[in-house]
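How is a protein chain read when its sequence and its three-dimensional model are laid side by side? The paragraphs below offer one route, to be followed with both in view.

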Amino acid sequence: MALKKYKAKRDFSRTAEPKGGKPLPKQVRGACRFAIQKHAASRLHYDFRLQMEGVLKSWALPKGLPWQQGEKHLAVEVEDHPLEYETFEGVSPEGQYGGGTVMVWDRGAYYVYGEQPLKSLREGKLHLVLAGEKAKGEWTLVRIRGRDGEKNQWLILKTGGSAKPPSKKAEDQSVKTGRTMKQIAEERDAEWESNRKDKNPSARSTFKTRIKAALKKKDEDQSESEDG
Ligand code: MN
């Protein structure tokens, strides 16, 4: 029932976003994972998602993560998303809820200090360590009382020292495919996949091949930079 709101907001005959309820992909089974998606909706923001209670607990960060020790940014709690949303990248149709380009901006494992994560979540304070590809270090999520008493307002604070913000290039680069927001928007693959899946299987495999090539290139780039 945790995904009731998520499902109510979407027309799955029109969006390629996951419906939820599918068996988990191997890479997310048995681990505590987080993901950050860059989302060019009516306003550009970042969706911060923590795997918890069999769903992705989610916050919209209008200004992304803070990087300087003591800096804090608004984090608006939004509806739980299905676990498989973690890997969603593409374009969800305009006019649909949350329509716009989505990039897998960062992902990795996370840990919660001290008490049990769920207890901390309910108490409104999560002291986190992120081990992502871009975000590495400590952050703290704290629930605050909104101006009109809203209960979905949180702050995300940089704690435990400053962290290195991503380079200008990494800021606009998917950790899943290496693509920029512009490239994702131009290729429109997620939308395209839902509309044309069965009509053009060869184009589909071409897309897969391109993605594989992009991933291979990324691995090569990484080993090059490790060598250098
Ligand atoms: Mn969003």
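What follows moves from the chain as a whole to its nonpolar cores, its metal site, its charged pairs and a few single residues.

The model is a predicted one, and its protein chain has six helices and nine strands. Of the 228 residues in the protein chain, 44% count as buried, while the chain exposes about 12,700 Å², of which carbon and sulfur atoms supply 51%. Among the contacts in the protein chain with a separation of 6 or more, 59% are accounted for by residues 24 or more positions apart.

The interior can be approached through its nonpolar cores. The largest nonpolar core has 27 residues, and those with the most contacts inside it are Phe-48, Leu-50, Trp-59, Leu-65, Leu-126 and Leu-141. At least two residues of this core come from each of the strands β1 (33-40), β2, β3 (55-61), β6 (100-112), β7 (125-132), β8 (136-143) and β9 (153-158), and likewise from helix α4. Leu-141 illustrates how such a residue is surrounded: leaving out residues up to four places away in sequence, Leu-141 touches Phe-48, Trp-59, Ala-75, Gly-124, Lys-125, Leu-126, Leu-128, Trp-154, Leu-155 and Ile-156. A second, separate core consists of eight residues, including Leu-3, Val-55, Tyr-85 and Phe-88.

Which residues coordinate the manganese ion? The ion is held by His-39 through ND1, by His-45 through NE2 and by Asp-47 through OD, at 2.2 to 2.4 Å, and in sequence these donor residues follow the spacing H-x5-H-x1-D. His-39 and His-45 are both buried.

Leu-44 offers a way to look at the surroundings of this site, since Leu-44 is in contact with His-39 as well as with Lys-38, Pro-62 and Met-181, its neighbours within four places in sequence being left aside. Leu-44 has its place in strand β2 (residues 44-52) and, at 45% relative accessibility, counts as partly exposed because this value falls between the 20% and 50% limits. The C-alpha atoms of Leu-44 and Lys-63 are separated by 8.5 Å, although the two residues are 19 residues apart along the chain.

The charged side chains give another set of links. Side chains of opposite charge can pair when their charged atoms come close, and the structure holds 14 salt bridges. In one of them the side chains of Arg-179 and Glu-89 meet at 2.9 Å, N to O. Arg-179 lies in the loop between α3 (168-171) and α4, whereas Glu-89 lies in the loop between β4 and β5 (90-92), so the pair ties together parts that are 90 residues apart in sequence. Both partners are buried, Arg-179 with a relative accessible area of 7% and Glu-89 with one of 5%.

Another salt bridge joins the side chains of Arg-10 and Glu-17, at 3.3 Å from N to O, and here too the partners are buried, with relative accessible areas of 9% for Arg-10 and 4% for Glu-17. These two residues belong to a network of salt bridges that links Lys-9, Arg-10, Glu-17 and Glu-79. A local pair is found in helix α2 (residues 117-123), where Lys-119 and Glu-123 lie four residues apart, about one turn of the helix; they form a salt bridge in which the closest N and O atoms are 3.5 Å apart. Lys-119, at 41% relative accessibility, counts as partly exposed.

Two further residues complete the route. Asp-80 is found in strand β4 (residues 72-81), and why does Asp-80 count as buried? Its relative accessible area is 13%, and Asp-80 is classed as buried because this is under 20%. The side chain of Asp-80 makes a polar contact of 3.2 Å with the side chain of Lys-57, and, residues up to four places away in sequence not being counted, Asp-80 touches Ala-2, Leu-3, Tyr-6, Val-55, Leu-56 and Lys-57.

Ala-185 lies in helix α4 (residues 181-187) and is partly exposed, with a relative accessible area of 25%. Ala-185 and Thr-101 are 84 residues apart in sequence, yet their C-alpha atoms are 5.8 Å apart in space. Beyond its neighbours within four places in sequence, Ala-185 is in contact with Val-91 and Thr-101.

Technical notes:
Residues are numbered from 1 along each chain as its sequence is written. This is a predicted model: local features need pLDDT of at least 70, side-chain atom pairs count only at pLDDT 80 or more; totals for chains, interfaces and linings use all residues. Side-chain values use heavy atoms; hydrogens and water are left out. Donors are N, O and S atoms within 2.8 Å of the metal (3.2 Å for Na, K and Ca); water is not among the atoms, so sites may look incomplete. Buried means under 20% relative accessible area, exposed over 50%, partly exposed in between (1.4 Å probe, protein chains only). A polar contact is a pair of N or O atoms within 3.5 Å; within protein, one must be able to donate a hydrogen and the other to accept it, and residues adjacent in sequence count only if both atoms are side-chain atoms. Contact means heavy atoms within 4.5 Å. Accessible areas come from the Shrake-Rupley method with a 1.4 Å probe; for residues, only the protein chains shown count as cover. A salt bridge is a side-chain nitrogen of Lys or Arg within 4 Å of a carboxyl oxygen of Asp or Glu. A nonpolar core is a set of buried Ala, Val, Leu, Ile, Met, Phe, Trp, Tyr and Cys residues joined through side-chain atoms within 4.5 Å.
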